[in-house]
Amino acid sequence: MSSRVTHYPALSEEAFIERANARLEEIYGPRRDEVMRRLMTLLLHQGSALGDRARPAWSERDQILITYGDTLVDGERAPLEVLDDFLANRLDGTFSGLHILPFFPWSSDDGFSVIHYREVNPKLGDWQDIRRLASRVDLMVDLVINHVSRDSLWFIDYLAGSQPGRDYFIEMDPATDLSQVTRPRNSPLLVPVSTRRGTRHLWATFSEDQIDLNFANPDVLLEFVGILLFYVQQGARVIRLDAITYLWKRVGTSCTHLPETHAVVRLLRAILDFVAPGTLLITETNVPHRENMSYFGLERVDEQHAPDEAHMIYQFTLPPLLVHTLTSGDATTLAEWAKALPPLPANCTYFNFTASHDGIGVRALEGLLPAHDVQALLELMHRFGGYVSMKTNADGSDSPYEINITYYDAMRGTRRGADAWQVERFLCSQNLMLALQGIPGVYFHTLTATLNDHEGVERSGRLRSINRRRWDKEELDELIDSRSTPTRESFTSLKRRLNLRANEPCFHPEAPQRVLETVPGLFAIERGPLEDGRRLLAIYNISDRRQPLSIEELDQGDWYDVLDDGRPWRPREEERNVLRPYRSLWLVQP
């Protein structure tokens, strides 16, 4: 079977100028021409160094590993070198891509408070290590675009009243009514700072060490365009726009998803399509589902307008909705949500995942689950050793923002409590995610079935540390090579499924997806049919009880089980046409 790939054509200079002018008009109005001249000069100098980088966008072989640069250490080599060794010897050919979470010098938030954007944290390695990894797999790099560390040179400039940093931040009178601003945290929005001009109050969406940048100043935008191009020069294949939701500020609004924010994303997309076609842009927007979908720019797509915003968006609804589904034993809401997903615009796709360095966001469940189901989920995760992080609402009250727990421990049991099905339930969650339309991302600690790291929480004082353990390579190797450990079973099972998935054309990100009608204890989708008629049924028992295989499509010809090495599939006699708890089927019809 040959792999079908999706290609991106390069954007012509004429088309780029037209798009860039339109976007800059939306952002800066009468200052557009001045900013456009400076942008073209920047692209002439930095963009020309990229050369011809046109390449395929994606295929069914695309699968991305998410990890910190120092998730794996051995006490001798640079952590990035240890990671490269692990990829070569444990995961060769399994993942097409690698998302290394911020590997720059930082002061807090495990990397997301960046001090120097163009340097590699020397505790991790250097740019040579990054380029070596980029030569092995497609590299995803974070553009931490909303805020910067207080230890950055820009902020030091600000304190001294020097350029360029003097105008890089957002000063605000503390008496200003900011009650409508949507917050992802419950810390104060304005941070008092002592400067040579006296005390000033600066906008800080996330923490007092993460000071928001002022994109109303074109210098800030052009600075980040230069950083973006630098990352592409170092081998970045995917650029992740961190916290892009909050980029633009306007008093009297929620300061989320503002038109200028979308215009910035569209401008960055045009730049990449012009100077580095095939380099993908993904937006990180942990918000309710409908808001998340807006970063495809669907409202602008028609016969005359192709999609021109993000290539990929995170499927933030999936992690909490899967936990609800597998702990309740009812796939009704999951099926309804999947049915309601709109058709993907051309050359756009989802980034599917179940866990990441952050917690399991619950805002994406707004409008999908009733409040009592969300509360039951939060209470259950607490029983399984997790925590709940809060955010501040417009009225000053707090509400849940995310669950902090490893995905393996989130699958410890059902609403009735912990049980003996944890490994099977966990693997079912991953098998289900891998089959959905889009590109899958697997967090390192999901691959290794890592337990809650309560000691890490105590050391750092941060709830998110529960899912950010640092593995000693020798210890991890021993767990993977030992018999009968959850780490070994999960690692080997997931690696096998990933390798099978990468060779199945029905898992191409653009292969159609249809939710099948069945009983609440099953979730089933069809991927395909492809142009040659090939189609695949992915069927899951999401409960701890045997479920009848009441799926009409199973009677439509012969099927072959991908998970059983492509052997002809027949319901096992002992099952009597039922599916065992948490069993998965990937059935293909050539």
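Let's count two parts as being in contact when heavy atoms lie within 4.5 Å of each other. Keep in mind, too, that this is a predicted model.

With that in hand, start at helix 2, residues 32-46. Its buried residues are V35, M36, L39, L42, L43 and Q46. Look down the helix axis and these buried residues fall within an arc of 125°, so they line one face of the helix. What do they pack against? The partners are helix 1 (13-28), helix 6 (218-233) and helix 7 (259-275). Turn to the face pointing away from that buried side and you'll find the exposed residues R37, L44 and H45. The length works out as well: at 1.5 Å a residue, the 15 residues of helix 2 should span 21 Å, and the end C-alpha atoms are indeed 21 Å apart.

Helix 13, residues 422-435, makes a good companion piece. Its 14 residues reach 20 Å from the first C-alpha to the last, close to the 20 Å expected at 1.5 Å a residue. Is helix 13 largely enclosed or largely open? Enclosed: 13 of its 14 residues are buried, so the rest of the structure largely surrounds this helix.

Now for some backbone oddities. Most peptide bonds are trans, and most residues other than glycine have a negative phi. Against that background, have a look at the bond joining Q163 and P164, which is cis with omega about 5°. P164 sits in the loop between helix 5 (153-160) and strand 8 (190-195). Another cis bond joins G528 and P529, this one with omega about 0°. You'll find P529 in the loop between strand 23 (522-527) and strand 24 (535-541).

As for phi, D109 has a positive value near 55° despite not being a glycine. D109 belongs to the loop between strand 5 (97-100) and helix 4 (127-136). With a relative accessible area of 17%, D109 is under the 20% cut-off and therefore counts as buried. S484 also has a positive phi, near 60°, and isn't a glycine either. S484 is in the loop between helix 16 (473-481) and helix 17 (486-501). Is S484 buried or exposed? At 76% relative accessibility, S484 is over the 50% cut-off, so it counts as exposed.

Next, the empty space. The largest pocket holds about 600 Å³. It has 26 lining residues, and D70, W106, D110, R462 and R470 lie nearest the centre. Which element gives the largest share of that lining? That's helix 15 (residues 454-460), with three residues. Sorted by class, the pocket lining has 10 nonpolar, seven polar and nine charged residues.

Then there are the cavities: the structure holds five of 30 Å³ or more. The largest cavity offers about 190 Å³ of space. Its lining is made of 17 residues, with R185, F206, D242, E284 and D358 nearest the centre. Those lining residues split into five nonpolar, six polar and six charged. The second largest cavity has a volume of about 110 Å³. It is lined by 15 residues, and F316, F353, S356, D358 and G359 are the ones nearest its centre. By class, this second lining has six nonpolar, six polar and three charged residues. If you're browsing the model, D358 is worth a click: it is listed among the residues nearest the centre for the largest cavity and for the second largest one.

Technical notes. Residues are numbered from 1 along each chain as its sequence is written. This is a predicted model: local features need pLDDT of at least 70, side-chain atom pairs count only at pLDDT 80 or more; totals for chains, interfaces and linings use all residues. Side-chain values use heavy atoms; hydrogens and water are left out. Helices (H or I, at least four residues) and strands (E, at least two) are DSSP runs, numbered from the N terminus. The expected span of a helix is 1.5 Å times one less than its number of residues. Buried means under 20% relative accessible area, exposed over 50%, partly exposed in between (1.4 Å probe, protein chains only). The arc is that of the directions from the helix axis to the C-beta atoms. On a 1 Å grid over the protein atoms alone, a cavity is a set of points where a 1.4 Å probe fits but cannot get out, and a pocket is an open set with protein on both sides within 12 Å along at least five of seven lines; lining residues have an atom within 4 Å of a point. Grid points are joined across faces, edges and corners, and a volume is the space filled by probe spheres set on the points. Ala, Val, Leu, Ile, Met, Phe, Trp, Tyr, Cys and Pro count as nonpolar, Asp, Glu, Lys and Arg as charged, and the others, Gly among them, as polar.
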